[in-house]
Amino acid sequence: MGFTIGGIRDIRAGSRRRERATACTTVAEYTGLCGWAVTPGARAVRGGGACSCGDPGCKEPGAHPLVFADEIPAGATLEQAAEAWAQVPGAAVLLPAGRTFDVIDVAEQSGRRALVRLERMGLRLGPVLVTPTGRAQFFVAPGAAAELPHLLYRMGWDDADLDLRCLGLGDHVTAPPSDLGGLGPVRWLRSPLLDSVHQPPEARLLLGTLAYVCHRDRTPGPWLVRT
């Protein structure tokens, strides 16, 4: 029986004190329960405002790590996470890919359709994020980003026009309860579960379905029956 991470929730309008408490609790769950490192990230004013990093020419406002902030390591306790997060109040919660997981990134509609298919197949799945930019992000075993071209080639999708990419070492994803670039909150489409979060699925088990749905959604044809 899985245990859903209980503190994962959106930051709502309210006092700064409540926001800090929510973020601290969530960071501790990510580090202590999920075994993920957490990187403090920049924030941006909603509607495409200035980035909190202070660079007026920032190319990724509200969607990149803060260069002056220390990463909170995997395994940090509630007290350690709270103490570290108090040094960067209001920072976004970023998760570094390429260590305990990589991320397959697809259009949200394609991701939702693929998730239904994958669940019907009974496959073991990891967490899935949805972003305010209309993307779905599937957590898979690390190493997928480096293997993606080879995997697509083996499956016959290497020459297809797919709206699909993989994030790995050096990349980050924004996690709840944070927003992304001031555009709105990031949410869990499939929440982290303790019985699977430490062993995300191999990319090859999901990639065939994800590639098929992405291709189908981008290619007009009689098979475009919405699921």
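**A five-stranded sheet and a pocket**

In this predicted model, Leu129 stands opposite Gln137, a residue of strand E5. The two strands behind this pairing are E4, covering residues 128-130, and E5, covering residues 135-140; they run antiparallel and are joined by three bridges.

E4 and E5 belong to an open sheet of five strands, in which the order is E6-E3-E5-E4-E8 and the pairing is antiparallel. The edges of the sheet are formed by strand E6 (164-167) and strand E8 (187-190); each has a single partner strand, so one side of each is left without a neighbour in the sheet. On average, neighbouring strands of this sheet are turned by 30° against each other, direction ignored.

A helix also packs on the sheet: H5, made of residues 203-218. Helix H5 touches strand E3 (102-107) as well as E5 and E6, and its direction makes about 15° with that of E3.

The next feature to look at is the largest pocket, which has a volume of about 450 Å³. Its lining consists of 22 residues, and the closest of these to the centre of the pocket are Glu60, Ala63, Arg165, His172 and Leu180. Three elements give two or more residues each to the lining: E5, E6 and strand E7 (172-174). Of these, E7 gives the most, with three residues. Sorted by class, the lining of the largest pocket has nine nonpolar residues, eight polar residues and five charged residues.

Two of the strands met earlier in the sheet, E5 and E6, thus return as contributors to the lining of the largest pocket.

Terms used. Residues are numbered from 1 along each chain as its sequence is written. This is a predicted model: local features need pLDDT of at least 70, side-chain atom pairs count only at pLDDT 80 or more; totals for chains, interfaces and linings use all residues. Side-chain values use heavy atoms; hydrogens and water are left out. Two strands pair if DSSP finds at least two bridges between them. Helices (H or I, at least four residues) and strands (E, at least two) are DSSP runs, numbered from the N terminus. Axes are lines fitted to C-alpha atoms, for helices over the stretch in contact, and angles run from 0 to 180 degrees between N-to-C directions. Contact means heavy atoms within 4.5 Å. On a 1 Å grid over the protein atoms alone, a cavity is a set of points where a 1.4 Å probe fits but cannot get out, and a pocket is an open set with protein on both sides within 12 Å along at least five of seven lines; lining residues have an atom within 4 Å of a point. Grid points are joined across faces, edges and corners, and a volume is the space filled by probe spheres set on the points. Ala, Val, Leu, Ile, Met, Phe, Trp, Tyr, Cys and Pro count as nonpolar, Asp, Glu, Lys and Arg as charged, and the others, Gly among them, as polar.
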